[in-house]
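Work through the exercises below with the model open. Each task is followed by its solution.

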Amino acid sequence: MARVGGRNPVMSWIAGIFCAGVIAALLWLALPMGPMLVGYVGDTLRAVAPGVG
């Protein structure tokens, strides 16, 4: 990876860990929507192709 002048590698690691934590928190908050999303997709597919299944 190319080094950019004036960048501190320690601060880059801290910022990367912080960003990964934010993404993990957002995924954790979105987790309860999983079953609802699967049901919505299933209902939509059954409405589009009523004779299948």
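**Exercise 1.** Is Leu 26 buried or exposed?

*Solution.* This is a predicted model: local features need pLDDT of at least 70, side-chain atom pairs count only at pLDDT 80 or more, and totals for chains, interfaces and linings use all residues. Residues are numbered from 1 along each chain as its sequence is written, and side-chain values use heavy atoms, without hydrogens and water. Take the cut-offs: buried is under 20% relative accessible area, exposed over 50%, partly exposed in between (1.4 Å probe, protein chains only). Leu 26 has a relative accessible area of 55%. Leu 26 is therefore exposed.

**Exercise 2.** Place Leu 26 in its helix and check the helix span.

*Solution.* Leu 26 lies in helix H1, residues 9-30. Helices are DSSP runs (H or I, at least four residues), numbered from the N terminus. Expected span is 1.5 Å times one less than the number of residues. H1 has 22 residues, and 32 Å is expected. Its first and last C-alpha atoms are 32 Å apart, close to that value.

**Exercise 3.** Repeat the check for H2, then state how H2 is covered.

*Solution.* H2 covers residues 33-48, 16 residues in total. The expected span is 22 Å, and its end C-alpha atoms are 22 Å apart, so the two agree. Of its 16 residues, the number buried is 1, so H2 lies largely in the open.

**Exercise 4.** What share of the protein's residues is buried?

*Solution.* The protein has 53 residues. Buried residues make up 2% of them.

Conventions:
Helix = DSSP H or I, 4+ residues; strand = E, 2+ residues; numbered from the N terminus.
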